[in-house]
Amino acid sequence: MAGDILIIDCVATNRIVLKVKLLAAQYRVRPRASVEDARAEIAASLPDLVIMDTCNNAKAALEFCRALKADDITALVPIVATGGFATPMDRVNALEAGADDVLTKPFDDRILQARIRSLLRARDARQELRMREGTRTALGFAEASCGFAAPSQIVLASPHVDALELSGLQSMMENVQANPASIHQIISGHVHQVKTDLFVLDFRAGLMDDSVLYRLLAELRSQSATRHAGILVLLPEDERHAAAMALDLGANDVVLSDIHLGEIRHRCAVLLQAKHEADALRRTVETGLRAAITDPLTGLFNRRYALPHLARLSEESRLSERQFAIMVLDVDHFKKVNDTYGHKAGDEILKQVARRLQDNLRAVDLLARIGGEEFLVAIPNSDLVHARTAAERLCQLIRATPFYITEGSTVDLTVSVGVSLSGGRDAADVVEDLGDLVSAADGALYAAKSAGRNKVSLSAA
């Protein structure tokens, strides 16, 4: 679904211009004139991202930032602070107050759009990891805390190591080991042997060929050793196109202009914190816990994981006052496949079905195998139109391509899908009992089967 963006700006013209640009990019937009109006708007419905002007009353704006980040409900909502920022420390103050990025006016539309996409991707990833961690905690699988933290490893890179101007960065940060490198050394893979938490790519002296930057980002994101590392790119003020492209190609943060070293330090600290948090949450998936919460045949989550995850999703939905969808999918005539080709072929087909579904869902969506040929999908922040479209798309991808079985033979398959939705903003409409919600999806699945299979049916509840 398109992102829901809250604009806070006391100047009506600014709100209108920004709203038109964001609507053209298919975002939902809610413009508000003051922090007080914004608080009421957030209480009514949680936005996906906030763009906040700090020109009129910087003190109130920064206090608003701190309040959002201190609240568990709104802590993950990205904030873009815009303004004049007369001094470098004004930018640092906004970042330290909780802004995820600062854009000096007038800012480039391409930078803003790329920044929004990057922040929403990062927010979704953090939400997904925290959701899964909460589910594991509910299962009693919380990871024990570690009393010792090894130094964070940062690679400081520029086209020429001798020209690097970030030598003072390490002395400003605690428990950090900074290692200089050239861009060529990174592209050639010479630094991949050392675990790196953050790459700071300094092109402020000039970007002679932007393809070098793009190749570098592609290299870092394609290698398993660096795929999850943070990336901060420093560029000259006139490289706006390169900055937007860098964000879309996987850079976590891009800064234009010659900024204060204190701002670089703060941005590095934020990226390192996010990296370590993601690593800690990711490790719980890579341990023996996987065996307890996954289906051994398909590798998907199983019912034991799915139900606590749905409970957390329901709580998140209640707090944000947004609906979520549950789908139950069943492979049509699967018994006939087993009887005709044998159970080994049936198992192979189930694995292929699982892969197709997994490749066509987002990381934040839940996919689980809950029965023999039955799968469950949960989609956060969904509505009736989005849920129906997603279900019909899954039906289409199953029937569109035959499934391979033994000796090169293929078989055509379809699935039937039952869909139910949680309640909307009206608390009286919320289905509190998850069992009822899953049962409603099951009932809709039965209706799809009765209607001839290869269909999507929506629950009347």
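**Exercise 1. The chain as a whole**

What does the accessible surface of the chain come to, and what percentage of it belongs to carbon and sulfur atoms?

*Solution.* The structure is a predicted model. Its chain has an accessible surface of about 21,400 Å². Carbon and sulfur atoms hold 53% of that surface. Burial is then taken by residue: 50% of the 461 residues count as buried. As to secondary structure, the chain contains 15 helices and 17 strands. Finally, consider contacts with a separation of 6 or more: 69% of them are accounted for by residues 24 or more positions apart.

**Exercise 2. The faces of helix α2**

Determine how the buried residues of helix α2 (residues 35-44) are arranged about its axis, and what they pack against.

*Solution.* Begin by listing the buried residues, for which the relative accessible area must be under 20%. In α2 they are Val35, Ala38, Glu41 and Ile42. Viewed down the helix axis, these buried residues fall within an arc of 115°, and therefore they line one face of α2. Next, turn to the other side of the helix, where Glu36 and Ala43 are exposed. The last step is to identify the partners of the buried residues: they pack against the strands β1 (4-8) and β2 (28-32) and against helix α3 (58-70).

**Exercise 3. The packing of α13 and α14**

Describe the geometry of the pair formed by helix α13 (residues 343-359) and helix α14 (residues 384-400), and name residues that meet between them.

*Solution.* The description of two packed helices rests on the angle between their axes and the distance between the axes. For α13 and α14 the angle is about 135° and the axes lie 10 Å apart. An angle over 145 degrees would count as roughly antiparallel, and one of 65 to 115 as roughly perpendicular. The angle of this pair falls in neither class, so α13 and α14 are oblique to each other. The handedness follows as a separate step: α13 passes α14 in a right-handed crossing. At the contact, α13 contributes Val353, Arg356 and Leu357, which meet Leu394, Leu397 and Ile398 of α14.

**Exercise 4. The surroundings of Gly3**

Is Gly3 buried or exposed, and which residues does Gly3 touch beyond those up to four places away in sequence?

*Solution.* First locate the residue: Gly3 lies in the segment before β1. Its relative accessible area is 8%, which means that Gly3 is buried, the cut-off being under 20%. Apart from residues up to four places away in sequence, Gly3 touches Tyr27, Arg28, Asp48 and Leu120. A C-alpha to C-alpha distance completes the picture: Gly3 and Pro47, although 44 residues apart in sequence, are 8.0 Å apart in space.

Key. Residues are numbered from 1 along each chain as its sequence is written. This is a predicted model: local features need pLDDT of at least 70, side-chain atom pairs count only at pLDDT 80 or more; totals for chains, interfaces and linings use all residues. Side-chain values use heavy atoms; hydrogens and water are left out. Buried means under 20% relative accessible area, exposed over 50%, partly exposed in between (1.4 Å probe, protein chains only). Helices (H or I, at least four residues) and strands (E, at least two) are DSSP runs, numbered from the N terminus. The arc is that of the directions from the helix axis to the C-beta atoms. Contact means heavy atoms within 4.5 Å. Accessible areas come from the Shrake-Rupley method with a 1.4 Å probe; for residues, only the protein chains shown count as cover. Axes are lines fitted to C-alpha atoms, for helices over the stretch in contact, and angles run from 0 to 180 degrees between N-to-C directions. Angles under 35 degrees count as roughly parallel, over 145 as roughly antiparallel, 65 to 115 as roughly perpendicular and the rest as oblique. A crossing is left-handed if the near helix is turned anticlockwise from the far one by less than a right angle, and right-handed if clockwise.
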